[in-house]
Amino acid sequence: SWPSWCCEMRLVDLTLVVNEGMPVYPGDPEVRFRGRESGGFWVSEVCLGSHTGTHVDVPRHVNPQGIGVDGIPLDRLSGYGRAIDARGQREVELEEVPRTEVVLFYTGATVDLAEAMKGGHPVLTVRTAEKLAEAGVKVVGVDSPSVGSLEVHRVLLENGVIIVENLSPKLRELLGKEFFFIAAPLPLKGLDGAPARAIALLPE
């Protein structure tokens with residue numbers, strides 16, 4: 001029989017739907033789908049960038065010699081987490097890092113993804129990134145196109161902190177709650193990142 005805790009959890013899908021014509025980060029490949037019939041089956045060709053929609057950034061994103069997305073074990077992409085309300089802040093400063101494995105920042109940006117791609121959404125400061133890395137956080141996530149500057153990315157990724165960007169607006173449901181977070185990217189050999197399914201498990 002199933003353990004009792006399996007029936008006492010609620011799943012929250014934090015993943016944006018990927019569709020043709022969706023907003024992408026300036027300079028990134030556009031999303032294109034092309035379907036065709038093959039031996040009686042329907043097969044689709046999918047063209048998109050490695051940082052399309054909800055996705056993970058891994059060390060190779062800032063360092064050609066860094067670990068690719070296929071080299072990140074799932075236990076580095078999951079853990080107990082807390083969500084922080086960062087709405088209204090241009091630069092997110094953390095006075096104290098929560099004692100947890102995953103820290104997610106709710107900005108409200110992906111409510112209007114096209115507008116978010118123009119910039120102006122809250123971003124982490126370098127000092128906040130340093131505090132998160134020093135605290136041993138495994139994953140930092142945002143519901144916006146980017147956690148911040150190149151330096152912010154470097155501080156996190158070079159210290160082994162995996163980044164998840166473009167989480168869905170459902171991140172709001174996690175504010176003030178404890179949860180278990182999982183990001184499951186496609187293990188694309190040697191790549192700098194990949195689209196991911198991101199979910200949170202909430203105790204009922």
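G49 counts as buried, at 6% relative accessibility, where buried means under 20% relative accessible area, exposed means over 50%, and partly exposed covers what lies in between, with a 1.4 Å probe and protein chains only. This is a predicted model, in which local features need pLDDT of at least 70 and side-chain atom pairs count only at pLDDT 80 or more, while totals for chains, interfaces and linings use all residues. Residues are numbered from 1 along each chain as its sequence is written, and side-chain values use heavy atoms, with hydrogens and water left out.

The position of G49 is in the loop between β3 and β4, the strands here being DSSP runs (E, at least two residues) and the helices likewise (H or I, at least four residues), numbered from the N terminus. Although G49 and V31 are 18 residues apart along the chain, their C-alpha atoms are separated by 7.5 Å.

The loop between β3 (41–47) and β4 (55–57) also holds T54, which is buried because its relative accessibility is 2%. The side chain of T54 has two backbone partners to consider here, and both involve polar contacts, a term that stands for a pair of N or O atoms within 3.5 Å; within protein, one atom must be able to donate a hydrogen and the other to accept it, and residues adjacent in sequence count only if both atoms are side-chain atoms. One partner is the backbone nitrogen of L16, which the T54 side chain reaches at 2.8 Å, and another is the backbone oxygen of N166, which the T54 side chain reaches at 2.6 Å.

Following the second of these contacts leads to N166, in the loop between β10 and β11. N166 is buried, with a relative accessible area of 2%, and its phi is near 60 degrees, a positive value in a residue other than glycine. S168 is found in the loop between β10 (162–165) and β11 (179–185), and S168 is buried as well, since its relative accessible area is 5%. The C-alpha atoms of S168 and T54 are separated by 7.6 Å, although the two residues are 114 residues apart along the chain.

Turning to strand β4, one finds H55 there, and H55 counts as buried because its relative accessibility is 2%. The side chain of H55 makes a polar contact with the side chain of E165 at 2.9 Å, and a polar contact of 3.4 Å joins the side chains of H55 and D57.

The next topic is charge pairing. Side chains of opposite charge can pair when their charged atoms come close. A search of the whole structure finds nine salt bridges, each being a side-chain nitrogen of Lys or Arg within 4 Å of a carboxyl oxygen of Asp or Glu. One of them is formed by the side chains of E45 and R34, with an N to O distance of 2.7 Å. E45 lies in strand β3 and R34 in strand β2 (residues 32–38), so this pair ties together parts that are eleven residues apart in sequence. E45 is partly exposed, with a relative accessible area of 35%, whereas R34 counts as exposed at 55% relative accessibility.

Other salt bridges involve helix α2. The side chains of E130 and R127 meet at 3.2 Å, N to O, in a salt bridge, and both residues lie in helix α2 (residues 126–134), three residues apart, which is about one turn of the helix. E130 is partly exposed, with a relative accessible area of 28%, and R127 is partly exposed, with a relative accessible area of 38%. R127 also forms a salt bridge with the side chain of E134, at 3.5 Å from N to O. Salt bridges that share partners thus join R127, E130 and E134 into one network. Within this network, E134 is exposed, at a relative accessible area of 58%.

Finally, there is a surface patch of like charge. E91, E93, E95 and E96 form a negative patch on the surface; residues in such patches have over 30% relative accessible area and no salt bridge, with like charges joined within 9 Å and nonpolar side chains (Val, Leu, Ile, Met, Phe, Trp, Tyr) within 5 Å. Among the members of this patch, E93 is placed in the loop between β6 (91–92) and β7 (102–106), and E93 counts as partly exposed because its relative accessibility is 47%.

Note on methods: Areas by Shrake-Rupley, 256 points an atom, 1.4 Å probe, with all protein chains shown as cover. Lys, Arg positive; Asp, Glu negative; His and termini not counted. Charge placed at Lys NZ, Arg CZ, Asp CG, Glu CD.
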